[in-house]
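Thanks for coming. I will spend a few minutes on charged side-chain pairs and on one packing of helices.

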Amino acid sequence: RAGLELAPAESALRYNLGAVLVQTDRKEAALDELTQAGSDGDVGMRALFLRAIVLGDLGRYVEAIAAVDAVIALAPNEVDARLQRFRFADALGWDAEAEATLREALGLDARVAVELATWLLAKGRFADAQCVAEQGLLCT
C-alpha cells in the first residue's frame, strides 16, 4: 500500500494489490483494487480478467460475464476468457449461451473439443458429444 500512496493511479500496483487480496481471501477488497486498475493495456486486461474470476467466485455470475465480455472485446482470440465465460453461463443454467460460448472457443482452439464434448455428455447429448469428439480428433 505504500507504493499506492506515492503513485495512486499506477494500475500495476492496483492489480498486484488486488491479486494479493484474492490470495488472502479478501475478495470484496480485491474487486475495488482491480476496478481501480482500469482496463488499459496488458495490466488492465489482466485486472479485468481477474475481476471476472473473483466475481464468479463470489457467485455474481451476471457481473462476471460482463467483466469477461470486456476482456473478450479487448482480446477476441483469448480462449481462456471464453472458457471462463462458458463456466459462468453454465453456472447460471444458461445452456444455449454456454454452448455458444464453447463453440466460439472451439473455433479458436481445437483443444476446446474436450470441454465441449464433456459438457454435451453431461447434458445427455451423446450424439452431439460424439460428433464434437470426432471433429476434435481430426484436428489433432
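I will go through the salt bridges and then turn to a helix pair.

One caution before the details: this is a predicted model. As background, side chains of opposite charge can pair when their charged atoms come close. In this chain, the count is 14 salt bridges. I will take three of them in turn.

Start with Asp57 and Lys27. Their closest N and O atoms are 3.4 Å apart, and the two form a salt bridge. Asp57 sits in helix H4, residues 41-57, while Lys27 sits in helix H3, residues 27-36. The pair therefore links distant parts of the chain, 30 residues apart. Is Lys27 buried or exposed? Lys27 counts as buried, because its relative accessibility is 19% and the limit for buried is under 20%. Asp57, on the other hand, is partly exposed, with a relative accessible area of 48%.

Next, the pair across the end of H8. Arg125 and Glu99 meet through their side chains in a salt bridge, 2.6 Å from N to O. Arg125 lies in the loop between H8 and helix H9 (126-139) and Glu99 in helix H7 (residues 95-108), so this bridge ties together parts that are 26 residues apart in sequence. Glu99 is buried at 14% relative accessibility, and Arg125 is partly exposed at 27%. Which residues share a network of salt bridges with these two? Arg103 and Asp128 do: together with Glu99 and Arg125 they are linked in a network of salt bridges.

The third pair is Glu115 with Arg87, whose side chains form a salt bridge at 3.7 Å, N to O. Here Glu115 belongs to helix H8, residues 112-122, and Arg87 to helix H6, residues 79-91. The two are 28 residues apart, and the pair links distant parts of the chain. Both ends are partly exposed: Glu115 has a relative accessible area of 28%, and Arg87 is at 35%.

That brings us to the helix pair. H6 and H8 pack with their axes 12 Å apart, at an angle of about 10°. Because angles under 35 degrees count as roughly parallel, H6 is roughly parallel to H8.

Which residues make the contact? From H6 there are Val79, Leu83, Phe86, Arg87 and Asp90, and they meet Val112, Glu115 and Trp119 of H8. By type, the contact has five nonpolar residues, three charged ones and no polar ones. Arg87 and Glu115, the salt-bridge pair from a moment ago, are both among the contact residues.

That is all I have; questions, please.

How values were computed:
Residues numbered from 1 in each chain as written. Predicted model: local features only at pLDDT ≥ 70, side-chain atom pairs only at ≥ 80, totals over all residues. Heavy atoms only, no water. Salt bridge = Lys/Arg side-chain N within 4 Å of Asp/Glu carboxyl O. Helix = DSSP H or I, 4+ residues; strand = E, 2+ residues; numbered from the N terminus. Buried < 20%, exposed > 50% of the residue type's maximum accessible area, 1.4 Å probe, protein only. Axes fitted to C-alpha atoms, helices over the stretch in contact; angles between N-to-C directions. Parallel < 35°, antiparallel > 145°, perpendicular 65-115°, else oblique. Contact = heavy atoms within 4.5 Å. Nonpolar A, V, L, I, M, F, W, Y, C, P; charged D, E, K, R; others polar.
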